[in-house]
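Trainee: Could you take me closely through the backbone geometry of this chain, with attention to the places where it departs from the usual pattern? I would also value an account of the surroundings of those places.

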Amino acid sequence: MDSEKWAEKVRQDFPALKKKRGGKPPIYFDNACTTLVPQTVIDAINDYYTGFPGCAGARSRHWFSQEVNDRIEGNEEKGIKGSRRIIKEFINAASEKEIIFTQNTSHAINIVALGYKFKPGDVVLLSDKEHNSNLLPWLRLQKKGVIKVDHVNTNEDGSFNLDALRQKLANNNVALVSMAYTTNLTGYTIPAEEIIKLAHAHGAKVLLDAAQTMSHRQIDVQKLDVDFLAFSIHKMCGPRGVGVLYGKRAYLGRAAHEEDETADVIEPAVLGGGTVGDTTYNSYSLLEPPERFEVGIQDYPGQIAAGAAVEYLQNIGIDKISGQMNRLNDFLTKELLKRYGDTGWFRILGPKDAGQRGGILTFEVKRPNAVGIAEELSDKNNVMIRDGVFCVHSYLNYICGEGWLRPKIPTEHKMIYRASLYFYSTIEECKVFLDTLDTIFKERSYI
Amino acid sequence: MDELVVKYYRRLCREGFEHNGEIKSPDIFLDTVGEKIRICSHVSHAYLHIYIRISEGKIEDIKYLCTCDPTANVVVEILCSILKGKTIIEAEALTENDFTNALGSTDDEFLKKVRGIIELLHRGLDRYKAGIR
């Protein structure tokens, strides 16, 4: 089956793609923000609320509770794998106890930031294009005097600068390297394996923000030897509000009561119901991971649907997904460069080679009144892309200069837009996007 | 975008944005963000600042700074061209018709922004009359 026919077939799984507005279908190119949800995932959520809307964990032992537990923790007798094991196998973690459900990637990173036992003088090393999710948790600690934050600058061609990393690791007391595996700004994926080897050689641990990676890249955490991995299920055709923190068992705790005993074990940032083995009026003991990190009533339908989402992606095939994204991005990149060039008012951010940008194509428009193009694309032909600063204020303020968002004269206006594709995107959709963009540029006298 | 808005906007691009600029210590300062009147765009950093100098009851000068879409830019340019030299009473009497007459269009998107800018202007004039800077 050719790629377009294949895409048409998988699109049938997504109810949102069957909607129409003004007689036209949606063209959803905002997948780096959040992905669409297939019917199987929606069904998993519905099943919970309509069939067994109870608590899970050790709280209750009744019928509904068992049904929920089965779908999250698995039940071999019933042949149910359970979401935690599905995710464990998906990233090849050593144990299900290494899979902590969180609200999202930001939450997962904050668990590490707030629980890591830093020593005076410790440095946390970031890339220069971190999403605020992987910047603010560290800046807060720096502000409190707990750590120092440093970053590695990107090469001019948008690639990762391994030499700069070597220098930073050699000359600083780096305790943790925390970086976006794939940047949400340009779609570039860093050479994680080499970075982890270098960091470990210098005694630093590594946290990867894989929010933009998991959707299209097979990750084997044991092969990578990464210490912590954070990601969001909603960027993988899953429910909103569910994320995952993977951590090596040695850093999450191997037994109950261990959190205060080992310098390497991170402390749970939030404590309460569901995290404790026992309490007295004066003391408490914690459960093993992952429970000690999953405080309070959880998003059970979301966690169940997370397993359904991962299974859905596995059935589609990660290679097939990345192949489709690369094919479409290559087409879009070549067409845009052919039409508008890449040296003047129109510029693609990141590596020129679409193969290095996954499904992300971010472009700058430096023309009068450059804002509002995303709205016009949506109004004219239901083409949905993103505009703004993509939560990467720090990098954009650095390269564009402070105040770039408030230019004094219209001729100094510039705006950044991001189209992000997924496996259900099609060439036909890309053509509508290109033609609509062309119309808008012509109306605005940009071309 | 409406054809007549496009035509007007192209002229601005060609001949320059006549009223773009800032007035130091204006008698009336209007800010779409502070007033929560959405004229520019849904982008979070989009904004429109209008500066008005009043002398002897007349609008002596009016300028603006903005990060906004072309339609909003056309609306504010028309506002400036209409208001300059008008009395405060005449400015208060400004209606949608003045804009549609200036552009020759009754485009929905254009008129939505016109209504927003008239509301913004009235708030500024009311504050000025009440002696609030």
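Mentor: In this predicted model, A:Cys391 is partly exposed because its relative accessible area is 28%. Its phi is positive, about 60 degrees, although A:Cys391 is not a glycine. The residue is found in the loop between strand E14 (386–387) and helix H14 (393–400) of chain A. As background, most residues other than glycine have a negative phi, and most peptide bonds are trans.

A second cysteine deserves attention here. A:Cys237 also has a positive phi, near 65 degrees, and its place is in the loop between strand E7 (228–232) and strand E8 (243–247) of chain A. With a relative accessible area of 0%, A:Cys237 is buried.

The peptide bond from A:Pro289 to A:Pro290 is cis, with omega near 5 degrees. A:Pro290 lies in the loop between E10 and helix H11 (300–316) of chain A. Strand E10 covers residues 284–286 and contains A:Tyr284, a residue that counts as partly exposed because its relative accessibility is 45%. Together with A:Leu271 and A:Val276, A:Tyr284 makes a nonpolar surface patch of about 250 Å².

For the wider setting, chain A is divided into domain 1 (3–30 + 317–443) and domain 2 (45–314). Between domain 1 and domain 2 of chain A, about 2100 Å² is buried, 60% of it on carbon and sulfur atoms. In this contact, 27 residues of domain 1 of chain A meet 28 residues of domain 2 of chain A, and the count of salt bridges between the two domains is 0.

How values were computed:
Residues numbered from 1 in each chain as written. Chains lettered and ligands numbered in written order. Predicted model: local features only at pLDDT ≥ 70, side-chain atom pairs only at ≥ 80, totals over all residues. Heavy atoms only, no water. Patch = residues over 30% accessible without salt bridge, like charges linked within 9 Å, V, L, I, M, F, W, Y side chains within 5 Å. Areas by Shrake-Rupley, 256 points an atom, 1.4 Å probe, with all protein chains shown as cover. Salt bridge = Lys/Arg side-chain N within 4 Å of Asp/Glu carboxyl O. Helix = DSSP H or I, 4+ residues; strand = E, 2+ residues; numbered from the N terminus. Buried < 20%, exposed > 50% of the residue type's maximum accessible area, 1.4 Å probe, protein only. Domains from an automatic or database assignment. Contact = heavy atoms within 4.5 Å. Buried area = accessible area lost by both parts, 1.4 Å probe.
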